[in-house]
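Me: I've got a model open and want to talk through a few spots in it. Can you take my questions one by one?

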Amino acid sequence: MLHATLDVEREPLSNTLDAEDGFRQQVRDYCTHELPTHVRDKVRANLFMTKQDHVDFLRSLARRGWVAGHWPKAYGGAQWTPLQRFIFEEESTLGGAPWLIPFGVNYVGPVIYTYGNDAQKKRFLPPILASQVWWAQGYSEPGAGSDLAGIKTRAIRNGEHYVVNGQKIWTSYVQWADWIFCLVRTSEESRPQQGISFLLIDMRTPGVTVRPIKTMDGCHHVNEVFFDDVKVPLENLVGEEGRGWSYAKFLLSNERILAAETGHSMRALEHLKSLVRSVPSDSGLDRGVFERRIGRIELKLHALRAFCLAYGRSMDPSQPPGVEASIMKIRGSELQQDISEATFDWLGRSSIVYDATLVNAPHASSHVGPADTSGAVREYLHVRAATIYGGSNEIQRNIIAKAELGL
């Protein structure tokens, strides 16, 4: 429940704040001295990141043991608290670090060490930590986006294998992936949430086909994935057959707790304020009115950060996130859109000219306006999806209505 309190012994607030500040400074020091410069420059210019850019970022984290800081120490993590995890995400993205592609580290890794067997833990967890094996998420289907219970991809047991047939869509960065974790239907039950299982599939298996989907920013983020008689060993089933829905909910709750993306919004807002100070708008906007618009956005961002920090301080890591995660996802994604829309408006006519080849380049450039105009437009186009991915905001409101309001 939203207002539930935890019956746990707490450290004095002064000690907690000192620890927060100390860890926050560690992340800032990393961003200043260890984050690769070429990665930081591309992130701040909103350019599209290559796989090698992400690998370079992960290798820089590995030197501090931060690739999977929130994992238990027993599996190679640093056993961060929820608050440390939030601080890392906020400070690293504010400092110019890219989105830490979550499919291995944040998604399938925790599922495996929570529900997988010992053989799966030994086989799959070390290569995730070493950034040697890349993962993708096979959830959404053409007829089952936010409603994952409606998936149709079938896995039929045949001897020592499952034979998988079906299609996944909006599959992010699967073009880089070595493996994909999938929700598949292993039986037909009275309730659609039943009969779903969690399979690990090698992307090199015969019958797996990937087709790119170009998004409106002109970049290659997402794909369709087709499975035609794909043979998957029984040993690649995680947990129990038919329990995949429970594992999916566990995974999604981990996804949504990071969805506030306050560091991303703070960085984007600072860029907008710098733009307003240094670049005259040719869109006829009244500066005073526009600055009040920025002020309203900034107040919303402060409120969201206060909410996230309070939640991070009180959250019990042994319990799944509550409706707070849905609230953070809604407010965080809407703020990203508010900031990108305001930036787009201030750029005026310069934002109309968009060449996707420029945002797939190593350095910022634009045909008109400031050099980072192309990147700002790409950000505007890309975050149209922020209120959809990770469970659409409409679904999040339904979760809040049911779990908190009893509707």
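Me: Where is Ser350 found, in terms of the loop and its flanking helices?

Reply: Quick caveat: this is a predicted model, so local features need pLDDT of at least 70 and side-chain atom pairs count only at pLDDT 80 or more, while totals for chains, interfaces and linings use all residues. Residues are numbered from 1 along each chain as its sequence is written, and side-chain values use heavy atoms, with hydrogens and water left out. Helices here are DSSP runs of H or I with at least four residues, and strands are E runs of at least two, numbered from the N terminus. Ser350 sits in the loop between α10 (323-347) and α11.

Me: Is Ser350 buried or exposed?

Reply: Buried means under 20% relative accessible area, exposed over 50%, and partly exposed in between (1.4 Å probe, protein chains only). Ser350 comes out at 13%, so it counts as buried.

Me: Which residues does Ser350 touch, not counting those up to four places away in sequence?

Reply: A contact is heavy atoms within 4.5 Å. On that basis, the partners of Ser350 are Asp282, Val368, Gly369 and Thr373.

Me: Which residues make the nonpolar surface patch that includes Val368?

Reply: Val368 belongs to the loop between α11 (356-359) and α12 (373-382), and its 32% relative accessibility makes it partly exposed. Patches take residues with over 30% relative accessible area and no salt bridge, joining like charges within 9 Å and nonpolar side chains (Val, Leu, Ile, Met, Phe, Trp, Tyr) within 5 Å. A salt bridge is a side-chain nitrogen of Lys or Arg within 4 Å of a carboxyl oxygen of Asp or Glu, and areas use the Shrake-Rupley method with a 1.4 Å probe, with only the protein chains shown as cover for residues. The patch covers about 250 Å² and is made by Ile352, Val353 and Val368.

Me: Why is Cys308 not bonded to Cys31?

Reply: A disulfide needs two cysteine sulfur atoms within 2.5 Å, and a search of the whole structure finds 0. Cys308 is buried, at 2% relative accessibility. Its closest cysteine sulfur is in Cys31, too far for a bond because the separation is 18 Å.

Me: How many of the 17 residues of α8 are buried?

Reply: Helix α8 (residues 262-278) reaches 24 Å between its end C-alpha atoms, close to the 24 Å expected, where the expected span is 1.5 Å times one less than the number of residues. Its buried residues pack against α2 (37-44), α4 (82-94), α9 (287-314), α10 and α12. The helix is largely enclosed by the rest of the structure, because the buried count is 12.
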